[in-house]
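Welcome! Here is a short tour of a ligand site and the pockets around it.

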Amino acid sequence: MSKSKVDLSQVDLSTTITGVHFRNPVIAASGTFGYGGEYAGLIDVSQLGGICTKGLTLNPRSGNAGQRLHETPAGLMNSIGLENPGIAVFLEKELPKLRALGPAVIANLSGSTVEEYAGGAVLLNASSIDMIELNISCPNVKAGGMTFGLDPEAAASVVRPVRKAAPDKPLMVKLSPNAPDLAAVARACVDAGADALSLVNTFKAMAIDINTRKPVFDNISAGLSGPAIRPIALRMVWELYDAVKVPIVGMGGISNTKDALEFLMAGAAAIEVGSATFAHPPAMIEIINGIAGYMKNRRFSKPEEISIRGK
Ligand SMILES: Cc1cc2nc3c(=O)[nH]c(=O)nc-3n(C[C@H](O)[C@H](O)[C@H](O)COP(=O)(O)O)c2cc1C
């Protein structure tokens, strides 16, 4: 596959979110881009605005047993279960290589208990990462994860100690679209110290194998991502823009420039791209080029001007 080039010569796509500089508002979504280096032979990774790591936990995890991915007509279901080597190993073995790639580094922090989250946050606070994305929205683990993201008080009970444990890092909380009252969870996170919010994580879903007559996933349910969820995710970003004052990073099914522009118009300060990279690795590079072209045509001088919202 040929490497796509970005011509940024006449357009300044850079943006600053919670004090972190991004060369453009396109970020690789957690769990879909490894630690960045995995894609270096396919695309020019240095052109991305940011890279969000796979979900990291204080202690190593081997992830879920059984089938982990299942395609649907307009999406992807996953049940990875936060497989990762643990934060200490990440910091020692992966972070130096990830840093050297160039884009802003966001560490996606997960856990089963408040103590595990806070312990992970202490380690990340002492590292060279640029920002923490606190994942209280993973639907694929039995303890912790999404259970914290469904209820305002439960969300605040994690955000508060993590905020305290990582006073030097900007804190972005990643929300679950499965929360019955998303705006209430969002406000609770901001009150507990979140500097920014990202959404959406995957929607709880399931599939059944009609031949084995069993659910496809050992956990029965899995997380749905991809184009199928995009219009719902967009609506959630639009609504949260009115509910909170902090920056919002939007994602959910973004596959091309038009999709990305919709989220930026809805008020997202930046976007993350996940499943689309699996289907088409240069998707993010094409989106960066597409946003640059759109801004050039409209004579916009910064990405913020794409928004059709006003605070
Ligand atoms: C295979 C896979 C693994 C994922 N792992 C994580 C993870 O570790 N932490 C997290 O916060 N989100 C994780 N996600 C969710 C994505 O970061 C993103 O929120 C979601 O897929 C919606 O975006 P998309 O439709 O562009 O994929 C994962 C998604 C997929 C498809």
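A polar contact here is a pair of N or O atoms within 3.5 Å; within protein, one must be able to donate a hydrogen and the other to accept it, and residues adjacent in sequence count only if both atoms are side-chain atoms. This is a predicted model, in which local features need pLDDT of at least 70, side-chain atom pairs count only at pLDDT 80 or more, and totals for chains, interfaces and linings use all residues. Residues are numbered from 1 along each chain as its sequence is written, and side-chain values use heavy atoms, with hydrogens and water left out.

**The ligand and its shell**

Three polar contacts made by oxygen atoms of the ligand are listed here.

| Residue | Protein partner | Distance |
|---|---|---|
| Ser30 | polar backbone atom | 2.7 Å |
| Asn108 | side-chain N or O atom | 2.9 Å |
| Gly274 | backbone N or O atom | 2.9 Å |

The protein buries 97% of the 610 Å² that the ligand exposes when taken alone (accessible areas by the Shrake-Rupley method with a 1.4 Å probe). There are 26 residues around the ligand, and Ser30, Lys174, Gly226, Gly253 and Ser275 come nearest; to be near, a residue needs a heavy atom within 4 Å. By class, this shell holds nine nonpolar, 15 polar and two charged residues, with Gly counted as polar. Strand β6 (75-78) and helix α7 (275-279) each supply at least two of the shell residues; helices (H or I, at least four residues) and strands (E, at least two) are DSSP runs, numbered from the N terminus.

**The pockets**

The ligand takes up the space of the largest pocket. A pocket is an open set of points on a 1 Å grid over the protein atoms alone, where a 1.4 Å probe fits, with protein on both sides within 12 Å along at least five of seven lines; lining residues have an atom within 4 Å of a point. A molecule sits in a pocket if more than half of its atoms lie within 2 Å of its grid points.

The largest pocket is lined by 34 residues, and Ser30, Gly31, Thr32, Asn78 and Thr202 lie nearest its centre. The elements giving two or more residues to this lining are β6, β16 (270-273) and α7, and α7 has the largest share, three residues. The lining of the largest pocket divides into 14 nonpolar, 17 polar and three charged residues.

What surrounds the second largest pocket? It is lined by 18 residues, with Tyr241, Gly267, Ala268, Ala269 and Glu304 nearest its centre. Strand β1 (residues 15-17) gives the most to that lining, with three residues.
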